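Q: I have a structure here that I have not looked at before. Can we go through it together?
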There are 2 protein chains.
Amino acid sequence: MDNNKLLITMDNKPKPTIYLIPVPLSDTGTERVLPAYNTDIVTKLKYFIVENVRSARRFLKACDKSINIDELTFSELNGHTDPHTIPSLLQPAHDGHDIGIISEAGCPAIADPGADVVAVAQTYGYNVMPLVGPSSILMGLMGSGFNGQSFAFNGYLPIDGGQRSSKLRELERKIMHEHQTQIFIETPYRNNKLIAELCKSLPAHMRLCVASDITGERQSILTRTLKEWSKAKYDYDKIPTIFLLYK
Amino acid sequence: MDNNKLLITMDNKPKPTIYLIPVPLSDTGTERVLPAYNTDIVTKLKYFIVENVRSARRFLKACDKSINIDELTFSELNGHTDPHTIPSLLQPAHDGHDIGIISEAGCPAIADPGADVVAVAQTYGYNVMPLVGPSSILMGLMGSGFNGQSFAFNGYLPIDGGQRSSKLRELERKIMHEHQTQIFIETPYRNNKLIAELCKSLPAHMRLCVASDITGERQSILTRTLKEWSKAKYDYDKIPTIFLLYK
C-alpha cells in the first residue's frame with residue numbers, strides 16, 4: 001500500500017524525493033556515525049539545499065573522495081534566507097529531480113531552517129525521506145537514564161533574567177507533575193555558568209545530565225544530582241553540550 | 001579533559017563502558033540504518049542486557065554471521081523484570097567488563113526499560129556510550145516539517161475517554177501557546193480510529209503528520225491538515241506508526 005498514491009494527484013509521474021541527510025556532529029569519520037546506505041544515496045544526488053555550501057562540500061567529499069563537486073548544484077537555506085524564497089528552492093523537484101537537504105551538523109530539520117523547506121515539500125506531495133544519523137538530543141537522552149517515554153526539547157533557554165527564571169520554574173513543574181524529561185541547550189561559552197545557575201535555582205535532589213561533545217573524542221555523558229554538581233569540578237567551556245533535567 | 005576523572009573515585013582502574021546499541025526498526029538490513037562502527041563495537045562485547053534474548057541473538061547474527069553466540073552472556077530486562085534486580089544486571093561491569101544494551105527495536109532507553117539500567121550505571125560512574133541508530137520519533141519529526149526547535153514526545157495517549165480528551169486539549173494548548181510539536185504513538189490496530197478521532201476533536205486547520213513503517217518498505221510520511229485527513233483515504237491498520245501534530 002502506498003498512501004502517497006491514495007492522497008495525491010492522479011498523474012502517473014513518479015514523485016521526486018527530498019532526502020534529509022545527517023552529517024557528523026564532530027570531526028569523527030562518517031563510518032562512525034552514518035550508515036553505508038546514506039553514502040549510496042548521497043552519491044546519486046545532483047541537487048542539494050544546504051545550510052552552508054562550504055561545509056556541505058566538505059561533507060560530500062568525506063562521503064566519497066571521487067565525487068565530482070562541480071557537477072552538483074547547491075542552494076543555501078539558513079537564517080539569512082528570505083522565507084518567501086523557500087518554495088523556489090524546490091525548483092529541481094518541480095523539474096522532476098530528487099534533492100538532498102544537508103545542515104551544518106547533525107540531523108536536518110531538527111533545530112535548523114531545513115524544517116521550513118520540508119513543510120513546503122509536504123504541501124507539494126513530494127516524498128520525504130529522513131536518513132539515520134547522530135542527534136545529540138536523542139543520544140543525550142539515551143545516555144542520561146531519564147524518562148524516554150515522555151520528554152521535551154526546549155531549544156535555548158531565554159536570555160532575559162525574568163523570562164529565564166520563569167522558564168526554569170515551568171521546566172521544574174513539567175518534571176515533577178508531568179514526569180517529563182526536559183532537554184535544552186546553551187551557547188557553549190556559557191555552559192559552566194548555566195550549570196551553576198541550575199544548581200542555585202532548582203531543588204538539590206533534581207538530577208542533571210550534562211552530555212558533552214557527543215560522538216567526539218572528549219565525549220562525556222554524566223548524570224548527577226544538582227547537589228553533586230554543585231560540589232563537582234567541571235569545565236565544559238566552549239564544548240557543544242546538551243543539558244537534561246529529571247527528578 | 002575527561003570530566004569522568006574529575007568527578008569520580010580516584011582509583012586508577014579503567015571504568016567499564018555500557019554501550020547502548022540500536023537495532024533496525026523493521027526488516028531492513030543493518031547497513032541501511034546502522035553505522036559500520038556499531039558492528040565493530042558489538043562484535044567485541046561478551047555481555048549483553050537485552051529486552052528479548054531471541055531477537056537480540058538474531059540481531060547479533062545479522063551484524064556478523066561469524067559471531068559465536070554461545071560465547072555470549074545475556075540477561076533479560078523487560079516489563080516483567082523486578083526493578084530491585086536491576087543493579088545485579090550490571091554485575092559484569094562490576095567485574096570490569098563492558099556491557100551492551102539491546103532493545104526489541106530502535107534506540108535503547110528511549111521508550112523501554114533500558115533507561116532504568118542506564119540510570120543505575122550512571123550512579124556507579126560507568127561510562128555510558130549511546131550509538132547511532134534509527135529512531136521513529138526523530139525521523140518522523142525530520143520528515144514532518146514541524147517545529148524541531150521545540151517538541152515533546154508523549155508516548156501513548158491515555159485509553160480512558162475522559163483522560164484522553166483532556167490530554168488532547170493539553171496537546172492543543174501546547175501547540176498553540178508554546179509552539180511545541182506534539183508527538184505520540186498508538187497501539188497499531190487502533191491507528192485508523194485515532195486519525196478519525198483527531199479529525200473530530202481538534203481544529204480543522206491543525207496539521208497532522210502520519211509517519212508509518214519508518215525505514216521499512218512501506219514507509220510513508222505525510223503531513224496534511226486535519227481537514228484534508230478527514231477527506232482522505234488511508235489505511236494504517238497494524239502498521240507501526242508515529243503521529244505528530246502542529247499548527
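Q: How many residue pairs are in polar contact between chain B and chain A?
A: The count is 18 residue pairs, both residues at pLDDT 80 or more. Keep in mind that this is a predicted model.

Q: Which helix gives the largest share of the side of chain B that touches chain A?
A: Helix α8 of chain B, residues 136–144, with seven residues.

Q: And how do the residues on that side of chain B divide into nonpolar, polar and charged?
A: On the side that touches chain A, 41 are nonpolar, 18 are polar and 11 are charged.

Q: How many residues does the contact take from each chain?
A: It takes 70 from chain B and 70 from chain A.

Q: What area do the two chains bury between them?
A: About 5600 Å², with 59% of it on carbon and sulfur atoms. The accessible area lost when parts come together is often used to give the size of an interface.

Q: How many salt bridges are found across the interface?
A: The rule finds two between chain B and chain A. B:K174 forms a salt bridge with A:E178, and their closest N and O atoms are 2.6 Å apart.

Q: What about inside chain A, which side chain does A:K174 meet?
A: A:K174 meets A:E170 in a salt bridge, at 3.1 Å from N to O. Both belong to helix α9 of chain A (residues 161–178), and because they are four residues apart, about one helical turn separates them.

Q: How many salt bridges over all chains?
A: The structure holds 19.

Q: Different topic: which strands join chain A to chain B, and do they run parallel or antiparallel?
A: Strand β6 of chain A and strand β6 of chain B, residues 151–156 in each, run antiparallel and are joined by three bridges. A:A152 stands opposite B:A152 there.

Q: What turn lays chain B on chain A?
A: A turn of 180°, with a shift of 0.0 Å along the axis, gives an RMSD of 0.0 Å. That is the relation of a two-fold axis. The same surface serves both copies, since 100% of the contact residues of chain B recur in chain A.

Definitions and conventions:
Residues are numbered from 1 along each chain as its sequence is written. Chains are lettered from A and ligands numbered from 1 in the order in which they are written. Side-chain values use heavy atoms; hydrogens and water are left out. Copies are superposed by least squares on the C-alpha atoms of residues with pLDDT of at least 70 in both. Contact means heavy atoms within 4.5 Å. Buried area is the accessible area (1.4 Å probe) that two parts lose on being put together, summed over both. A salt bridge is a side-chain nitrogen of Lys or Arg within 4 Å of a carboxyl oxygen of Asp or Glu. A polar contact is a pair of N or O atoms within 3.5 Å; within protein, one must be able to donate a hydrogen and the other to accept it, and residues adjacent in sequence count only if both atoms are side-chain atoms. Helices (H or I, at least four residues) and strands (E, at least two) are DSSP runs, numbered from the N terminus. Ala, Val, Leu, Ile, Met, Phe, Trp, Tyr, Cys and Pro count as nonpolar, Asp, Glu, Lys and Arg as charged, and the others, Gly among them, as polar. Two strands pair if DSSP finds at least two bridges between them.
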